[in-house]
Each structure stands twice: as C-alpha cells, then as structure tokens.
Amino acid sequence: MTSSVSHDLAVSRASLDDWTVITEWAAAEGWNPGLSDAPSFFAQDPEGFFVGRIDGEPVSAVSVVHYGADYAFLGFYLVRPDQRGRGHGIATWRTALAHAGDRTVGLDGVVAQQDNYRRSGFAPAHRTVRHSGVAPQLPVPHDVRPLTDPAVVAAYDSACFPADRPRFLRHWLAEDGHRAVARVVDGRLTGYGVIRPGRDALRVGPLFADTAEDARALFAGLTATAPGREVAIDVPENNAPAVALAEDLGLTPSFETARMYTGPVRPFAAERVFGVTSLELG
C-alpha cells in the first residue's frame, strides 16, 4: 500500500529495517526507546507501521498497531526536525490512522501534541508520568521467580490491558535483553513484570500486580541484577498506590504523557497497572 500526497511526500508501510531509523529519531526526542523493542512491535502487527518519504528519504512516521478487532494503538508520531511545519506529519497520520478501521484507538500523547490529538477525536483518560532514578538494592522475596512461558501470564495480562495480546507477549518475554519475573503466592499468580535495556535507562514495563506489595516485590526481582543503574517506569497517575510506590523507591518524575482514546475500551483492572508496557504500544 502506497499513498501519494502533496509536497512530493509518499507514505507507505515501513519495514523493520526502516524502523531502526525511526527508533533513532525517538531516541533523539528523549523517549528512551528499548534497544530491542522493534521486533516485538512488528510481531504484533507488521502492517501497522508507516513512513513518509521525500525522494526516498524518510521524513515522517506513525505506527497504528492492531490488537484484535476492537482496539489499536498509535505511537511513534514523528517528523524529522528539518521537515516540520510542512504538513508531512498530518499526511502520514491520516494514512496510518485509516489502518485502524473502526477500532477504538489509544495513544500516549506528549504534552505539546495533546490539543492536536483532541481535535482529531482523542479524549484524555489519565496522565502517565515517567519516574526515573537509580535502582535501589532491595531484598527479593522467595516467591518472585523468573518467567519464560507467556501462557503463565496470558490471562493475567489480558485482565490488565484493553485487549488480548498473546502474540506480542510471546516475543516481549523472549526478546534479546528482556528479563521477566512473576510472583506466585500460595499457588496464585499475583503479578508479573519485565525489564529491558533502553538508551538512557533500563525500562520497566509492564509492571502488573494485585497490590503495591506485589509490585514492590516484582520491582525488586526485576532490578536485582541492576542495583545502582538508572531505571525508568511509566506510571499511570490514576493509580495512586503506583505513584506512591515509585516515589517510595526514590524515583522522580521526568516526563509525562496523556493516555487518550477515540472511544470506549474493554474494561480492565487499572488498579493493577503499576507501570505501562510501552508508551509506543500501550
């Protein structure tokens, strides 16, 4: 699929190789993308990534990734700095957004773009605040264990997210450099989390847990091999215990977005979301 627009911009679906360039743009914006995120993103919906080119050179990008028949997530809305203000971004946006069809679309919008997103039909649900800092050295409870089988957490994950995403989880848990742990108390799963390398800090996400105590235990397990290193976690502000936990761990706010939707989403356990998976894919 290729769409030609004005100003000699051509918008087409992007390849995984194309996305290495776009990831560099995201890093330049201070978004601290994970070093191995792209393969998992493309595994979920390889048709959901779009790039605008002028004379073959990429100048703009957007992703709109499907999660089933009812939900999609928009991310990586970027225009190369020297090409901004020329309409390339909105042209790429329109082509990419058509990929969502009649699905509800979510996004995590940076402050500067939130008014534009409102005009495009997105309504704010809550703020998400990135908390960053040096990982404290914490005792790891005996019931926190390594996680390698996505089937173990598939149902738990689905209860904490607006869509089922088994394909994504298979890749996210096994991706190069990703480390996952789960907590099992009296034979019952009480949460799980993933940590992965990023450009500026280790990224924690998701961090899904029944309680703040479970989330702290999981965070301890995730950072057990990284005391003294910089970590970052994107915390939904509507979960007060999650915000309190991040502050108690010595992490401080460093970046904020707003979770926004174009319509209703499937009910999910927002009180279990102590850290979102990714600002790019929800």
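The exercises below, each with a worked solution, concern a predicted model of one protein chain.

**Exercise 1. Confidence**

State the average pLDDT of the chain, and find where the pLDDT is below 50.

Solution. Step 1: the average pLDDT over the chain is 94. Step 2: a score of at least 70 is reached by 98% of the residues. Step 3: the pLDDT falls below 50 over residues 2–6. Step 4: leaving out near neighbours in sequence, that stretch has eight contacts in the model.

**Exercise 2. Nonpolar cores**

Describe the largest nonpolar core and the elements that supply it, then list what W19 touches.

Solution. Step 1: the largest nonpolar core has 39 residues. Within this core, W19, I22 and Y192 have the most contacts. Step 2: the elements that each supply at least two of its residues include helix 1 (16–28), helix 2 (37–44) and helix 6 (166–174). Strands also do so, among them strand 3 (49–54), strand 4 (57–67), strand 5 (71–79), strand 9 (179–185) and strand 10 (188–196). Step 3: setting aside residues up to four places away in sequence, W19 touches A14, F42, F49, F50, A61, V62, S63 and F76. Step 4: another core, of 24 residues, lies apart from the largest one. Its members include L222, V243, L245 and F274. Step 5: as background, nonpolar side chains in soluble globular proteins tend to be buried together.

**Exercise 3. The cavity**

Count the cavities of 30 Å³ or more, then give the volume and the lining of the largest cavity.

Solution. Step 1: searching the whole structure finds one cavity of 30 Å³ or more. Step 2: the largest cavity holds about 40 Å³ of space. Step 3: its lining consists of L207, F219, I233, V235, A242, L245, A246, L249, L251 and F274. Step 4: strand 12 (230–236) and helix 8 (240–248) are the elements that give two or more residues to this lining. Helix 8 gives the most, with three residues. Step 5: sorted by class, the lining has ten nonpolar residues, no polar and no charged.

**Exercise 4. Two pockets**

For the largest and the second largest pocket, give the volume, the residues nearest the centre and the classes of the lining.

Solution. Step 1: about 510 Å³ of space lies in the largest pocket. Of the 25 residues that line it, W31, Y77, V110, Q113 and Y117 lie nearest its centre. Step 2: two or more lining residues come from each of strand 5, helix 3 (88–97), strand 6 (104–110), helix 4 (114–119) and strand 13 (252–261). Strand 5 gives the most, with six residues. Step 3: the lining of the largest pocket has 14 nonpolar, six polar and five charged residues.

Step 4: the second largest pocket holds about 180 Å³. It is lined by 14 residues, and T23, L35, D37, A38 and P39 lie nearest its centre. Step 5: helix 1 and helix 2 each supply at least two residues of that lining. By class, it has eight nonpolar, four polar and two charged residues.

**Exercise 5. One residue, D108**

Decide whether D108 counts as buried or exposed, and find what it touches.

Solution. Step 1: D108 is found in strand 6. Step 2: buried means under 20% relative accessible area. D108 has 11% relative accessibility, so it counts as buried. Step 3: beyond residues up to four places away in sequence, D108 touches F73, T128, T257, A258, R259, S278 and L279. Step 4: D108 and R259 stand 151 residues apart in sequence, yet 4.5 Å apart in space, C-alpha to C-alpha.

Conventions. Residues are numbered from 1 along each chain as its sequence is written. This is a predicted model: local features need pLDDT of at least 70, side-chain atom pairs count only at pLDDT 80 or more; totals for chains, interfaces and linings use all residues. Side-chain values use heavy atoms; hydrogens and water are left out. On a 1 Å grid over the protein atoms alone, a cavity is a set of points where a 1.4 Å probe fits but cannot get out, and a pocket is an open set with protein on both sides within 12 Å along at least five of seven lines; lining residues have an atom within 4 Å of a point. Grid points are joined across faces, edges and corners, and a volume is the space filled by probe spheres set on the points. Helices (H or I, at least four residues) and strands (E, at least two) are DSSP runs, numbered from the N terminus. Ala, Val, Leu, Ile, Met, Phe, Trp, Tyr, Cys and Pro count as nonpolar, Asp, Glu, Lys and Arg as charged, and the others, Gly among them, as polar. A nonpolar core is a set of buried Ala, Val, Leu, Ile, Met, Phe, Trp, Tyr and Cys residues joined through side-chain atoms within 4.5 Å. Buried means under 20% relative accessible area, exposed over 50%, partly exposed in between (1.4 Å probe, protein chains only). Contact means heavy atoms within 4.5 Å. pLDDT is the predictor's confidence in each residue, from 0 to 100.
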